[in-house]
Amino acid sequence: MWTKDNIPDLSGQVAVVTGANSGIGYETAKALYEKGTEVVIAARNLEKANNAIRKIKLESKVEGRLRVCRLDLASLSQISEFSKIFFNEYDHLDILINNAGVMCPPASKTLDGFELQFGVNYLGHYALTGHLLPLLRNSDQARIVTLSSGAATLVDGIDFGNLRLEKNYDQWREYATSKLANILFTYELDRKLKNINSPIISIASHPGVTRTDLQRYIPREELENMLTEFDHVMEPWQGALSTLFAATDKNVRGGQFFGPDGENEYTGFPTLSMHSSAAMENTYLAEELWGYAEKVTNVKFNF
């Protein structure tokens with residue numbers, strides 16, 4: 001049974017965790033901080049992020065470094081601004097955790113006109129990773145962990161004609177599409193990194209069934225009815241373990257996908273995920289999605 005106690009000493013490493021002001025992101029940042037990592041909490045709400053820092057320091061018995069930097073994944077220009085600030089203050093990046101997400105909001109768009117879930121969960125993290133890649137290249141052991149979900153198996157492709165709310169809005173379909181995009185991104189990035197023999201590895205994780213603020217848009221009664229279908233719902237510290245394993249364990253390899261080891265991967269402790277589908281493994285779809293993201297974000301990866 002792997003827990004955060006298995007994380008090795010990470011002194012001297014720098015990590016960025018998106019959406020780390022609460023839930024799984026908070027627990028991820030806290031665990032990395034406790035192992036000596038300098039953690040940058042990248043979040044849209046600075047007040048909540050600073051409160052998270054104060055809470056982490058109260059709960060942890062270590063003296064590390066925690067910083068806050070504003071990051072709005074719904075704005076491509078602000079992602080670029082965040083990256084410029086980061087470049088001015090750091091010369092390398094060891095761990096990038098693409099954690100932040102939106103789940104089932106009312107129909108809405110990013111500042112750049114994309115359906116909010118696709119724009120934040122996928123396009124924002126695509127752009128962020130591309131901007132920060134030069135600093136990841138300056139690390140001898142950099143890892144990029146992107147959070148997906150078992151929901152990625154619920155759709156059989158990407159409808160490129162409905163990424164700006166051109167058609168009817170289905171909140172669960174759009175969420176599943178964004179999570180399929182996350183896993184396709186992870187696998188395609190891994191292939192590109194391996195093609196140039198880069199030491200950077202790209203990995204995916206999913207948290208299983210964990211109660212967090214991510215579910216805030218789901219009506220309370222509907223949410224409680226959903227959660228009662230499961231024998232156990234994990235707390236955020238446990239839901240974060242798959243991500244932490246992907247980010248730190250020495251046996252992890254690029255292109256792997258981790259989730260809980262329980263039945264249907266709903267709960268448990270980190271193991272290789274068995275979630276798969278034809279769409280998730282479709283290299284042509286992954287290439288098409290990459291090309292789409294590159295075009296609409298104007299972010300090209302400097303491999």
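A nonpolar core is taken here as a set of buried Ala, Val, Leu, Ile, Met, Phe, Trp, Tyr and Cys residues joined through side-chain atoms within 4.5 Å. In this predicted model, the largest such core has 62 residues. The residues with the most contacts inside this core are F82, F86, L93, Y122 and L180. Two or more residues each come from strand 1 (14-18), strand 2 (38-43), helix 3 (76-89), helix 4 (116-137), helix 5 (171-195) and helix 9 (283-297). Helix 4 gives the largest share, 12 residues.

F86 offers a convenient view into this core. With neighbours up to four places away in sequence left aside, F86 is in contact with V14, V16 and V40, and also with H92, L93, L132 and L135. One of these partners, L93, is itself listed among the residues with the most contacts inside the core. A second core, separate from the one just described, has 36 residues, and its members include Y26, V145, L147 and I203.

Since helix 4 is the leading contributor to the largest core, its packing partners deserve a closer look. Against helix 9, helix 4 packs at an angle of about 85°, and the two axes are 10 Å apart. Angles from 65 to 115 degrees count as roughly perpendicular, so helix 4 and helix 9 are roughly perpendicular to each other. On the helix 4 side, the contact is made by F118, Y122, L123 and Y126. Helix 9 contributes L289, W290, Y292, A293, E294, V296 and T297 to the same contact.

The arrangement with helix 5 is another matter. Here the packing angle is about 20°, with the axes of helix 4 and helix 5 7 Å apart. Because angles under 35 degrees count as roughly parallel, helix 4 is roughly parallel to helix 5. In helix 4, the residues involved are Q117, F118, N121, Y122, Y126 and T129. They meet Q171, E174, Y175, T177, S178, K179, A181, N182, F185 and L189 of helix 5. F118, Y122 and Y126 thus appear in the contact with helix 9 and also in the contact with helix 5.

Helix 1 (residues 23-34) passes a simple check of geometry. At 1.5 Å a residue, its 12 residues should span 16 Å, and the end C-alpha atoms are 17 Å apart, which agrees. The helix is mostly covered, with 11 of its 12 residues buried. The buried set consists of G23, I24, G25, Y26, E27, T28, A29, K30, A31, L32 and Y33. Of these, Y26 also belongs to the second core. After helix 1 comes G36, which has a positive phi near 100°.

Positive phi values are also found away from glycine. Most residues other than glycine have a negative phi. N264 nevertheless has a positive phi of about 60°, and E265 likewise has a positive phi of about 60°. N264 lies in the loop between strand 7 (257-260) and strand 8 (270-272), and E265 is placed in that loop too. Their surroundings can be told apart by accessibility. N264, at 47% relative accessibility, counts as partly exposed, whereas E265, at 9%, counts as buried.

The loop between strand 4 (95-98) and helix 4 holds L111, as well as A107. L111 counts as exposed, because its relative accessibility is 68% and the cut-off for exposed is over 50%. Beyond its neighbours within four places in sequence, L111 is in contact with D72, A74 and S75. L111 and L76 are 35 residues apart in sequence, yet their C-alpha atoms are 8.0 Å apart in space. A107, with a relative accessibility of 48%, counts as partly exposed. Its contacts outside the four nearest places in sequence are with L165 and Y169. A107 and Q117 are separated by 10 residues in sequence and by 9.4 Å in space, C-alpha to C-alpha. Q117 is one of the helix 4 residues that meet helix 5.

Finally, the cysteines. With a pair of sulfur atoms required to lie within 2.5 Å, the count comes to 0 disulfides. C69 is buried, since its relative accessible area is 13%, under the 20% cut-off. C104 also counts as buried, at 2% relative accessibility.

Terms used:
Residues are numbered from 1 along each chain as its sequence is written. This is a predicted model: local features need pLDDT of at least 70, side-chain atom pairs count only at pLDDT 80 or more; totals for chains, interfaces and linings use all residues. Side-chain values use heavy atoms; hydrogens and water are left out. The expected span of a helix is 1.5 Å times one less than its number of residues. Buried means under 20% relative accessible area, exposed over 50%, partly exposed in between (1.4 Å probe, protein chains only). Contact means heavy atoms within 4.5 Å. Axes are lines fitted to C-alpha atoms, for helices over the stretch in contact, and angles run from 0 to 180 degrees between N-to-C directions. Angles under 35 degrees count as roughly parallel, over 145 as roughly antiparallel, 65 to 115 as roughly perpendicular and the rest as oblique.
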